[in-house]
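Please look at how two chains meet in the model shown here, and at one pairing of strands within a chain.

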Amino acid sequence: MPSLIDIRRRIRSVKNTQQITRAMKMVASARLRRAQDRVINARPYARMASELLADVVAAAGPELVEQLPLLDVREERRIQLVLITADRGLAGAFNTNLIKAAQQFLAEHTDQEVELELVGRKGRDFFVKRPVRISGETTGISQSPSQADAERLARKLIGRFTAGEVDSVYLIYNEFKSVLSQKVTLKKILPIAMPGGATGREYIFEQPPMQMLEKLLPEFIALQVLEAFLESAAAEQAARMTAMDSATTNAGEMIEKLTLYMNRVRQASITREIIEVVSGASALE
Amino acid sequence: MAATLRLEVATPERLLLRENVRQAQVPAANGYLGILPDHAPLLAELGVGVLIYELENGQKKWMSIIGGYVEAGPDRIRVLANRAENADEIDVARAQAALKRANERIMNPAPDVDVARALNALRRAQARLEAAAHK
């Protein structure tokens, strides 16, 4: 039977852990609010941009548009997979699910050549040691990704696609569904699938529509990368918050159990002592 | 005839403005466009410059705009800017430093300096300073 001191020490250690998880939960929930705001703030532009894009495409004439390099559908022999993980762990299954999904993608595409572009330390640490092709890595942006980060990555992806180094580009990231759920999402961003929903208005164009598209399409890619970054940042904080919340609850349960056990041990030793005293006394009679 | 226009300005990161305005002057790529209510539908690329809009109470406001697109219709203007800042949130010291740096690069171009890039930086800094001067 463990001694009282051992149990007490154990309880103290669990209490310390609980304090840490509770603090982490609060930090995560504060950051979540900020990350969520950024996701919401980014929505109006995304909505307007896809409407604008649809209008410009309609005006340029879909047949012409299909000849643009970013819409070039080729046989998928070389695939670029962009894996967006977090820089930090302690977020439940957040990173594990992403890595699993990426591995599954690799397993499904053994006939093709898949190259990984890794964003976030967790994904990098996992794949760096494994026999996969890696085109590059970015770390240190998962917490507060900026527009400039997204543009930099988008430029690289577009460069590789137009140079013919890869035939398609996919993103894998966690989408922020709600505070309690994140969904691993696989999204193809290149070649671009044209959005529908043109308003059908007859616009006066200051620049020829085709010329506008040449600038608009790369920006559209950057926008999608930014969206994925922002979603992932919010999902990360949400996952951490839930993970730390359940860790705090579990620690509480453990403390309760240990306290009960400790009391039982103490009671037992008191009882034993009383029996000893009583039987000692009766032996003297 | 509509008396006002709904002006919306958004960047990829946030929505900056949603306001009814009497008129707006937009820095299009080929020069400034003045837009009044009942404008014909128009799509244009934006350049670098300042967006000036007049609120319903007659107050004029400035904003710096760097690249993007504008869509104007009879009752609305949508500005999709790559970067944009309200006049009161511009970092003047930073813009001045950028202006000075760009000026030096253009005046004494070192062999490895990209002059076109420096010119762009100069225009961005000028736009920000111009907007910031009208808080």
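Which residue of S4(B) is the bridge partner of A:Phe205? The partner is B:Leu43, and the strands concerned, strand S6 (residues 204-205) of chain A and S4(B), pair in the parallel sense over two bridges, where pairing asks for at least two bridges found by DSSP and strands are DSSP runs (E, at least two residues) numbered from the N terminus.

This is a predicted model, in which local features need pLDDT of at least 70 and side-chain atom pairs count only at pLDDT 80 or more, while totals for chains, interfaces and linings use all residues. Residues are numbered from 1 along each chain as its sequence is written, chains are lettered from A and ligands numbered from 1 in the order in which they are written, and side-chain values use heavy atoms, with hydrogens and water left out.

Between the two chains, 29 residues of chain B are in contact (heavy atoms within 4.5 Å) with 30 residues of chain A. B:Leu43 appears here too, since together with B:Glu13 and B:Tyr69 it supplies 28% of the area that chain B buries against chain A, more than any other three residues; buried area is the accessible area (1.4 Å probe) lost by two parts on being put together, summed over both.

Within chain A, two further strands form a hairpin with two residues between them, and A:Glu175 has A:Lys183 in S5(A) as its bridge partner.

| Strands | Sense | Bridges |
|---|---|---|
| S4(A) (residues 168-178) and S5(A) (residues 181-190) | antiparallel | nine bridges |
| S6(A) (residues 204-205) and S4(B) | parallel | two bridges |

Conventions:
Helix = DSSP H or I, 4+ residues; strand = E, 2+ residues; numbered from the N terminus.
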